[in-house]
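Me: I'd love a close look at one part of this protein, the largest pocket. Could you walk me through what lines it and then show me what the rest of the chain looks like around it?

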Amino acid sequence: MFKLGGIFLGVALKNKNMNDVIYLTKEGLEKLKKEFVELTEVKRSQVARRIKTARDMGDTSENAEYIAAREEQSFIEGKIVELGDILKKAKVSTGSSDGSVYVGCKVTVHIDGDEEVFHIVGAPEADPANRKISHESPLGAALLGKKVGEKIEVEAPVGKLTYTILKVE
C-alpha cells in the first residue's frame, strides 16, 4: 500500500492486472505525485464547496452550476483513482549499465538521413510532440534493450521505417 500526503492509495483500474509494474522516470513520478496531491488536497475541496454553494441555491435538477460542479467532481475523482493506481504500481527505472536503451534514457537515432533524439519514458509520461515516447509504443518497445550501432525496424502508417541507434545517454 502506498501512502502519499496522508492518503492511502488502494484502488485499481478495472483493465489492469494488480501486479503490473508501471515504469516511470524519477521526474515523471514526482510530477504525478504532485498532481495527485493537488487533486486530493486542493481541487477536491474546491469542487465540494462549489457543489454546496450551488445546492444552497435551491432546486438542483435544473441548476447548471450544480450540474457542472458534479461533472467536475466526477472527473477529479476518476483522475484520483487513475493516479492512485499508477502511483501504487510505479517503479522508477534505474537505468542500464551495459549501454542499452532503457526507460529514462535519451536515444539518438538515424532515420531517412536525419538524426532524431527521443526520451524514452513511462506510458503516463508520454508526450510525442515533445519527443517523449513511451517504452510501450511500437518505437519505444523496439528500442528497449538495443545498443549503439543496432538497427531496428518499426511498422508505421507510411510503411516500415529503419532506425539506427547512434547514441544512448
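Reply: Happy to! In this predicted model, 13 residues line the largest pocket, and those nearest its centre are G28, K31, P124, E125 and K132. The pocket's volume comes to about 240 Å³. Sorted by class, its lining holds 6 charged residues, 4 polar ones and 3 nonpolar ones. Helix α1, which spans residues 26–56, contributes the most to that lining, with 5 residues.

Now for the chain that carries this pocket. It has 9 strands and 3 helices, and reading along the sequence you meet them in the order β-β-β-α-α-β-β-β-β-α-β-β. Of the 169 residues, 33% are buried. If you take contacts between residues at least 6 apart in sequence, 54% of them join residues at least 24 apart.

Next, the buried nonpolar residues. As a rule, nonpolar side chains in soluble globular proteins tend to be buried together. Here the largest nonpolar core has 18 residues, and the members touching the most others are V101, V107, L139, L143 and Y163. At least two residues each come from β5 (106–111), β6 (114–121), α3 (138–143), β8 and β9, with β9 giving the largest share, 4 residues. L143 is a good residue to click on: setting aside its neighbours within four places in sequence, L143 is in contact with V101, V107, V109, I120, I133, I152 and I165. A second core of 16 residues lies apart from that one, and its members include L24, V47, A54 and I80.

One of the contacts of L143, I152, leads us to strand β8, residues 151–156. In a regular strand, side chains alternate between the two faces of the sheet. You can follow that along β8: I152, V154 and A156 point to one face and are buried, whereas K151, E153 and E155 point to the other face and are not buried. The partner of β8 is β9 (residues 159–168), which runs antiparallel to β8 and is joined to it by 6 bridges. Together the two strands form a hairpin, with 2 residues between them. To line up the pair on your screen, start from E153 in β8, whose bridge partner in β9 is T162.

Definitions and conventions: Residues are numbered from 1 along each chain as its sequence is written. This is a predicted model: local features need pLDDT of at least 70, side-chain atom pairs count only at pLDDT 80 or more; totals for chains, interfaces and linings use all residues. Side-chain values use heavy atoms; hydrogens and water are left out. Buried means under 20% relative accessible area, exposed over 50%, partly exposed in between (1.4 Å probe, protein chains only). Two strands pair if DSSP finds at least two bridges between them. A nonpolar core is a set of buried Ala, Val, Leu, Ile, Met, Phe, Trp, Tyr and Cys residues joined through side-chain atoms within 4.5 Å. Contact means heavy atoms within 4.5 Å. On a 1 Å grid over the protein atoms alone, a cavity is a set of points where a 1.4 Å probe fits but cannot get out, and a pocket is an open set with protein on both sides within 12 Å along at least five of seven lines; lining residues have an atom within 4 Å of a point. Grid points are joined across faces, edges and corners, and a volume is the space filled by probe spheres set on the points. Ala, Val, Leu, Ile, Met, Phe, Trp, Tyr, Cys and Pro count as nonpolar, Asp, Glu, Lys and Arg as charged, and the others, Gly among them, as polar.
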